[in-house]
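Biologist: I'd like to go through this model with you and ask what stands behind the words. Could you pull it up?

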Amino acid sequence: MFLQRLLIGFVSISVAAPTVFAQTAPAQKKPNVVFILADNVGYGDMGPYGGGELRGAPTPRTDELAKSGLKLTQYLVEPACTPSRAALMTGQYSIRNGLSLVAEAGTPSTLPGKAYTMGQLFKDAGYATAIFGKWHLGASPQSLPGAHGFDQYYGLPPDVSWDSATYVAQAIQTHSYVNVPDKVLYEKGPWITQQKGNGPLQRVKPFTMEVRAEIDNELTEKSIAFMKQENAAGKPFFLYLPFSMGHSPNLSSKQFAGKSRIGQYGDKLMEGDYHVGQIMDALKEMNIEDNTILVFASDNGSTGQYMMTYDRLGLGAPDMGSNGPFRGDLGEATEGAVRTFCFIRWPGHIAPNTSSYAMFSIMDFMPTFAAILGAELPTDRAIDGVNQLGVLTGKSKTGDREHLMSFIGADLVAVRWKQWRMYFRDMNRTGTGQQMLGGIAANSVPMYYPKVYNIEMDPHEDLQLVNYESISVNAFKAIQEYLASVKKFPNPPPANLTNFNQR
């Protein structure tokens with residue numbers, strides 16, 4: 001999409017006993033909230049889930065975070081980057097905002113101006129708000145962070161991802177633009193951008209491969225500076241730090257290049273773990289860690305073999321992570337694509353060193369934070385997230401979620417009901433031989449009868465079940481409730497990148 005845009009430019013569960021601190025402690029001021037979002041880091045990558053040191057990339061600070069808070073083992077997201085980020089920001093299925101595919105520059109995929117986001121939720125509650133990193137919800141003025149409650153934004157162009165650092169280098173390598181100087185290509189290519197309030201989006205510097213390697217250092221520094229500034233001013237803050245850890249190409253900073261035993265992906269895991277530690281240290285230094293909710297999670301499961309080509313040295317260390325025991329890759333609706341890691345720390349409210357098997361969606365953060373703030377969410381739209389404060393405080397082992405749907409583009413592809421996963425479209429790999437690719441490259445093929453798997457008994461989804469009538473009743477009930485909500489609150493046109501005949 002960059003090349004098209006460039007051309008246009010030239011021509012134109014185990015849960016500990018409930019903690020009692022929340023009931024006995026005196027009333028505190030509003031808690032700060034720090035939400036760190038990794039990018040395509042798999043369930044099997046982090047130390048507390050069986051990765052880390054065992055995977056050749058130690059994650060000591062994340063291990064420390066897990067011991068000081070809650071680990072979710074059924075944390076579920078959407079099939080790709082833009083959909084998950086839309087779901088996180090709005091508390092709604094991404095399809096309700098027309099963002100059920102990865103946003104691509106030059107397409108109509110963009111966050112609607114009427115969307116109500118987490119940024120607005122906190123701003124309305126009197127918080128200072130900032131995002132440093134990847135937005136990926138569209139570059140239209142109505143879609144920018146400043147239009148949705150964020151006081152500050154610094155990071156990628158808001159309609160692209162981390163791999164955009166390769167666009168100009170690729171154009172130069174392939175001589176895609178004849179007689180166009182490299183300087184001009186970089187001038188027309190993706191730039192790091194910033195925005196103050198709802199002001200204009202400003203370009204800062206070209207997003208080159210060199211900038212890509214060091215970007216998380218910069219984002220973490222800005223995050224710490226923001227926290228210190230707002231804490232000194234006595235104002236609660238909401239910091240959203242969606243950094244690059246896990247997204248190909250995983251170009252690590254000079255400090256971490258070669259540190260892991262598994263190549264550049266492991267190097268970036270170790271670097272991201274270090275940055276999480278820096279945030280933790282800053283909160284401790286400011287003496288506000290006890291009044292700060294700290295979340296560290298991933299937006300998706302890991303990429304598959306289609307990212308192996310980003311192994312820069314060709315030494316057999318592919319730039320891809322591990323989805324643990326689960327099947328599938330980023331871009332699919334399989335368990336490996338939509339189930340990943342999440343840690344939440346809130347001293348005095350969340351008991352340390354606990355875990356929960358409750359089903360917890362990325363959409364659930366919005367209503368959970370609203371409950372903590374005592375805020376009301378809009379009633380003129382469907383809110384698909386549920387308040388999971390009981391899971392955080394240990395009052396509920398099962399939580400308030402029993403089902404979750406997965407959409408890709410216009411299609412309802414799968415539904416989870418408790419431990420059962422039901423597919424309505426098959427995920428078929430494309431290509432032949434070594435180029436049989438899944439994930440983003442997979443084809444979604446309709447079926448007459450659904451496929452059903454028991455995720456607990458069969459986490460890799462190898463054993464298709466036939467007798468599933470008792471499960472289907474509940475799954476179909478959830479679907480009918482969703483369809484009824486669409487009649488009341490119609491969805492915008494669905495995201496689409498292949499069919500241009502829709503009206």
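Biologist: Why is E461 called buried?

Modeller: Keep in mind that this is a predicted model. The relative accessible area of E461 is 3%, and buried means under 20%, so E461 earns the word.

Biologist: And what makes R327 partly exposed?

Modeller: Its value is 23%. The partly exposed class lies between 20% and 50%, so R327 falls into that class.

Biologist: How do you know that E461 and R327 form a salt bridge?

Modeller: The N to O distance is 3.2 Å. The cut-off is within 4 Å, so the pair counts as a salt bridge. This pair links distant parts of the chain, 134 residues apart. E461 sits in the loop between strand 17 and helix 13, while R327 is in the loop between strand 9 and helix 10.

Biologist: What makes R401 and D364 a salt bridge?

Modeller: Here N and O are 2.6 Å apart, and the limit is 4 Å, so the pair qualifies. R401 lies in the loop between helix 12 and strand 14, and D364 in the loop between strand 13 and helix 11, so they tie together parts that are 37 residues apart in sequence. R401 and D364 are both buried.

Biologist: Which residues are joined into one network by salt bridges that share partners?

Modeller: D39, R85, K134 and D299. The search of the whole structure finds 23 salt bridges.

Biologist: How do you know that E271 and K268 form a salt bridge, and where do they lie?

Modeller: Their closest N and O atoms are 3.2 Å apart, and the cut-off is within 4 Å, so this one counts too. Both lie in helix 9, 3 residues apart, about one turn of the helix. E271 and K268 are both buried.

Biologist: On to the sheets. Why do strand 5 and strand 6 count as paired?

Modeller: There are 4 bridges between them. Pairing takes at least two, so the call is clear. The two strands run antiparallel, and one bridge puts G155 with T193 in strand 6.

Biologist: What about strand 6 and strand 7: how many bridges join them?

Modeller: Again 4, and the strands run antiparallel. I192 has K205 as its bridge partner in strand 7, and Q194 stands opposite Q202. Strand 6 and strand 7 form a hairpin with 5 residues between them, and G197 in the turn has a positive phi of about 55 degrees.

Biologist: In what order do the strands of that open sheet come?

Modeller: The order of its 10 strands is 7-6-5-4-8-1-9-11-2-12, with mixed pairing. Strand 7 and strand 12 are the edge strands, each pairing on one side only. On average, neighbouring strands are turned by 15 degrees against each other, direction ignored. Helix 3 packs on this sheet and touches strand 9 and strand 11, its direction making about 55 degrees with that of strand 11. Helix 11 lies across strand 1, strand 9 and strand 11, at about 180 degrees to strand 9.

Biologist: And why do strand 3 and strand 13 count as paired?

Modeller: They share 2 bridges, in the parallel sense. At least two are needed, so they just make the cut. One of the partners is F360 for Y75. These strands belong to an open sheet of 3 strands, ordered 10-3-13, with mixed pairing. Strand 10 and strand 13 each have a single partner strand, so one side of each is left without a neighbour in the sheet.

Notes:
Residues are numbered from 1 along each chain as its sequence is written. This is a predicted model: local features need pLDDT of at least 70, side-chain atom pairs count only at pLDDT 80 or more; totals for chains, interfaces and linings use all residues. Side-chain values use heavy atoms; hydrogens and water are left out. A salt bridge is a side-chain nitrogen of Lys or Arg within 4 Å of a carboxyl oxygen of Asp or Glu. Buried means under 20% relative accessible area, exposed over 50%, partly exposed in between (1.4 Å probe, protein chains only). Axes are lines fitted to C-alpha atoms, for helices over the stretch in contact, and angles run from 0 to 180 degrees between N-to-C directions. Contact means heavy atoms within 4.5 Å.
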